[in-house]
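Here is a short briefing on one protein. Look over the sequence and the 3D view before reading on.

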Amino acid sequence: MSSRRLSVLVKHLPREGAVARELHGEAAEWSVGDHLLAAAVDHLAAANWMFACVNTAEDAEQPAPPEPVPRPEQGGVPADVTPGPRQGPAPQPEPEPEQPTATELAGFFS
């Protein structure tokens, strides 16, 4: 078998094949449609949460924000890969985002 023939065969291996799963883990099983569907579910959950926050009495406890749909890759690092030691200074933790108050949400939607 020539090297050109081998190159063509490797380039056209199926996306959901064993080689792709070995190289990319669970991310190989997610198509663009799967990522778009997960994003749509996350946005709908956030919209429903905002609606619930706005329509909850001011003295009542606010509902907990929704959890995003788990993705095979978070932050560009595959879920099954443990990062090695970092070079340079440690990253500063990001401050917790402030939750909007009911009046701020009501003002946003009016």
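**Overall layout**

From start to end of the sequence, the protein runs α-α-α-β-β-α. That makes four helices and two strands. Keep in mind that this is a predicted model.

**The protein as a whole**

- The protein has 110 residues, and 12% of them count as buried.
- About 9400 Å² of the protein is exposed.
- Carbon and sulfur atoms supply 59% of that exposed area.
- Take the contacts with a separation of 6 or more: 52% of them join residues 24 or more positions apart.

**A nonpolar patch on the surface**

- Met-1, Leu-6, Leu-9, Val-10, Leu-13, Val-19 and Leu-23 form a nonpolar patch on the surface.
- Together these residues have about 720 Å² of accessible area.
- Helix 1 (3-11) and helix 2 (18-24) each supply at least two residues of the patch.
- Helix 1 gives the largest share, with three residues.

**Two residues to compare**

- Leu-23, a member of the nonpolar patch, lies in helix 2.
- Leu-23 counts as exposed because its relative accessibility is 63%, and the cut-off for exposed is over 50%.
- Asp-42 sits in helix 3, which spans residues 32-54.
- Is Asp-42 buried or exposed? Asp-42 counts as buried because its relative accessibility is 17%, and buried means under 20%.
- Which residues does Asp-42 touch, leaving aside its neighbours within four places in sequence? Asp-42 is in contact with Glu-67, Pro-68, Val-69 and Arg-71.

How values were computed:
Residues are numbered from 1 along each chain as its sequence is written. This is a predicted model: local features need pLDDT of at least 70, side-chain atom pairs count only at pLDDT 80 or more; totals for chains, interfaces and linings use all residues. Side-chain values use heavy atoms; hydrogens and water are left out. Patches are made of residues with over 30% relative accessible area and no salt bridge: like charges are joined within 9 Å, nonpolar side chains (Val, Leu, Ile, Met, Phe, Trp, Tyr) within 5 Å. Accessible areas come from the Shrake-Rupley method with a 1.4 Å probe; for residues, only the protein chains shown count as cover. A salt bridge is a side-chain nitrogen of Lys or Arg within 4 Å of a carboxyl oxygen of Asp or Glu. Buried means under 20% relative accessible area, exposed over 50%, partly exposed in between (1.4 Å probe, protein chains only). Contact means heavy atoms within 4.5 Å.
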